[in-house]
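Hi everyone, thanks for coming. I'll put the structure up on the screen, and then we'll walk through a few spots together.

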Amino acid sequence: MATASRTRHRGVMVGRMSRPAGAVDGALWTALLAEVERMLRESGDPARIAEVRPAQWLAQWLEAPLPALSGETPAEHAATPEGAARIVGLLASLQSGAYW
């Protein structure tokens, strides 16, 4: 089901419907990926979606330590409903340029 713009991350194919092993659960991955794609569509440049490769970018973002999470990664916070809500909020804040 993954799109033609697949890439490998941690040995797992990453595409529209697939996710890196162990990153986040399937429902959260789908919601986060949809948020990244929405932000790119709203950026005014549809070509950016293919250029950025949302699934690959999201997989990398989930594994990057963030100051807003005390140096922990978003993936580390995905296991609880509160943590998942926080990473959804952090991701959404990227569009406004909020610093965290």
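Let's start with Leu91. If we skip residues up to four places away in sequence, Leu91 touches Leu32, Glu35, Val36, Met39, Trp57 and Trp61. One thing to say right away: this is a predicted model. So where does Leu91 sit? You'll find Leu91 in helix α5, which covers residues 81-96. Is Leu91 buried or exposed? With a relative accessible area of 0%, Leu91 is buried, because the cut-off for that is under 20%.

Now look at one of those partners, Leu32. Along the sequence, Leu91 and Leu32 are 59 residues apart. In space, though, their C-alpha atoms are 7.7 Å apart. That's a nice pair to find on the screen.

Okay, on to helix α1. Leu32 is one of the buried residues there, and the others are Leu28, Trp29, Leu33, Glu35, Val36, Glu37, Met39 and Leu40. Notice that Glu35, Val36 and Met39 are also among the residues Leu91 touches.

Here's a little check you can do yourselves. What should the 17 residues of α1 span, at 1.5 Å a residue? You might try 17 times 1.5, but the expected span uses one less than the number of residues. That gives 24 Å, and the end C-alpha atoms of α1 are 24 Å apart, so the two agree.

What's going on at the ends of α1? At the N-terminal end, Asp25 acts as a cap, with a side-chain oxygen 3.1 Å from the backbone nitrogen of Ala27. Just after α1 comes Gly44, and Gly44 has a positive phi of about 95°.

Let's stay on α1 for the charged side chains. How many salt bridges does the structure hold? Two. In one, Glu35 pairs with Arg38, and the closest N and O atoms are 2.4 Å apart. In the other, Arg38 meets Glu42, at 2.6 Å from N to O. So what do you call that when you put it together? Glu35, Arg38 and Glu42 are linked in a network of salt bridges.

The spacing is worth a look too. Glu35 and Arg38 both lie in α1, residues 26-42, and they are three residues apart, about one turn of the helix. Arg38 and Glu42 are four residues apart in α1, again about one turn. As for how covered they are, Glu35 counts as buried because its relative accessibility is 17%. Arg38 has a relative accessible area of 23%, so Arg38 is partly exposed.

Next, the tryptophans that Leu91 touches. The structure holds one aromatic pair. That pair is Trp57 and Trp61, and their rings are stacked, 6.1 Å centre to centre with 15° between the planes. Which helix are they in? Both lie in α3, residues 54-62, four residues apart, about one turn of the helix. Now, is Trp61 buried or exposed? Trp61 is buried, at 7%. Trp57 is at 29% relative accessibility, so Trp57 counts as partly exposed.

Let's move out to the loops. Arg53 is in the loop between α2, residues 47-52, and α3. Arg53 is not a glycine, and yet Arg53 has a positive phi of about 55°. At 38% relative accessibility, Arg53 counts as partly exposed.

There's another residue like that in the loop between α3 and α4, and that's Ser70. Ser70 isn't a glycine either, and the phi of Ser70 is positive, near 55°. Ser70 counts as exposed, because its relative accessibility is 71%.

Thr73 is in the loop between α3 and α4 as well. Is Thr73 buried or exposed? Thr73 is buried, with a relative accessible area of 9%. Leaving aside neighbours within four places in sequence, Thr73 is in contact with Leu62, Glu63, Ala64 and Pro65.

Last thing: how confident is the predictor? The mean pLDDT of the chain is 78, and 74% of the residues reach 70 or more. Over residues 1-17, though, the pLDDT is below 50, and in the model that stretch has 35 contacts beyond near neighbours in sequence. Keep that in mind when you look at that part of the screen. Okay, that's me done, so fire away with questions.

Technical notes:
Residues are numbered from 1 along each chain as its sequence is written. This is a predicted model: local features need pLDDT of at least 70, side-chain atom pairs count only at pLDDT 80 or more; totals for chains, interfaces and linings use all residues. Side-chain values use heavy atoms; hydrogens and water are left out. Rings of Phe, Tyr and Trp (its six-membered ring) pair if their centres lie within 6.5 Å; planes under 30 degrees apart count as stacked, over 60 as edge-to-face and the rest as tilted. Helices (H or I, at least four residues) and strands (E, at least two) are DSSP runs, numbered from the N terminus. Buried means under 20% relative accessible area, exposed over 50%, partly exposed in between (1.4 Å probe, protein chains only). A salt bridge is a side-chain nitrogen of Lys or Arg within 4 Å of a carboxyl oxygen of Asp or Glu. Contact means heavy atoms within 4.5 Å. A polar contact is a pair of N or O atoms within 3.5 Å; within protein, one must be able to donate a hydrogen and the other to accept it, and residues adjacent in sequence count only if both atoms are side-chain atoms. pLDDT is the predictor's confidence in each residue, from 0 to 100.
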